[in-house]
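Please find below a colleague's note on the structure, set out as numbered points. It is intended to be read alongside the sequence and the coordinates.

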Amino acid sequence: QSRIMAGQTSEVEETMTRIMTHPHNKGVMAYIIVNQDGIPIRSDGLDKNVTVQYAGLISHLCTKARAAIRDAEPEKPNELTFLRLRSKKHEILVAPDKDYLLIIIQNPNVGTS
């Protein structure tokens with residue numbers, strides 16, 4: 001089982017490295033993988049305090065967004081599949097899963113004139 005976990009860890013590391021370094025992703029500043037308790041379990045690009053702050057805030061926001069989508073039309077089951085937030089300084093992309101959240105923080109102004 002530890003060999004399987006090591007393989008999964010290696011695959012996750014490779015995927016996140018690819019996201020952070022891909023030429024089309026020039027604006028990617030950081031990523032955070034958060035467990036269902038809102039605790040960051042892997043990250044790159046931010047210091048620890050900022051990582052914990054983003055993890056907590058975005059986890060809480062996703063919980064609220066999931067509830068809003070679910071409650072908007074209770075007769076038609078629906079769920080949150082992606083969340084995108086944009087400000088002048090950052091764009092935050094969130095891909096929720098059953099057990100984890102993937103949070104990507106990027107500069108939306110990279111490559112714009």
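**Note on the sheet, its helix and its cores**

1. The hairpin. Strands β1 and β2 form a hairpin in which 4 residues lie between the two strands. Within the turn, Gly38 has a positive phi of about 85 degrees. It should be kept in mind throughout that this is a predicted model.

2. Pairing of β1 with β2. Strand β1 covers residues 28-35 and runs antiparallel to β2, to which it is joined by 4 bridges. Two positions illustrate the register: Tyr31 stands opposite Asp44 of β2, and Ile32 stands opposite Ser43 of β2.

3. Pairing of β1 with β5. Strand β1 is also joined to β5, by 7 bridges, and these two strands likewise run antiparallel. Here Ala30 has Ile105 of β5 as its bridge partner. As to burial, 7 of the 8 residues of β1 are buried, and the strand is therefore largely enclosed by the rest of the structure.

4. The whole sheet. The hairpin belongs to an open sheet of 5 strands, with antiparallel pairing and the order β2-β1-β5-β4-β3. The edges are formed by β2 (40-44) and β3 (83-86); each has a single partner strand, so one side of each is left without a neighbour in the sheet. On average, neighbouring strands of this sheet are turned by 15 degrees against each other, direction ignored.

5. The helix on the sheet. Helix α2, residues 48-72, packs on the sheet and touches β1, β2, β3, β4 (91-96) and β5 (100-106). The direction of α2 makes about 115 degrees with that of β5.

6. The largest nonpolar core. Which residues touch the most other members of this core? Of its 15 residues, they are Ile58, Cys62, Ile92, Val94, Ile103 and Ile105. Two or more residues of the core are given by each of β1, α2, β4 and β5. The largest share, 5 residues, comes from α2.

7. Contacts of Ile58. When residues up to four places away in sequence are not counted, Ile58 touches Leu85, Ile92, Val94, Leu101 and Ile103. Of these contacts, Ile92, Val94 and Ile103 are also listed with Ile58 among the core residues that touch the most other members.

8. A separate core. Another core, of 5 residues, lies apart from the largest one. Its members include Val28, Tyr31, Ile33 and Leu93. Tyr31 thus appears in this note twice, as a member of this core and as the residue opposite Asp44 in β2.

Note on methods: Residues numbered from 1 in each chain as written. Predicted model: local features only at pLDDT ≥ 70, side-chain atom pairs only at ≥ 80, totals over all residues. Heavy atoms only, no water. Pairing = 2+ DSSP bridges. Axes fitted to C-alpha atoms, helices over the stretch in contact; angles between N-to-C directions. Contact = heavy atoms within 4.5 Å. Core = buried A, V, L, I, M, F, W, Y, C linked by side-chain atoms within 4.5 Å. Buried < 20%, exposed > 50% of the residue type's maximum accessible area, 1.4 Å probe, protein only.
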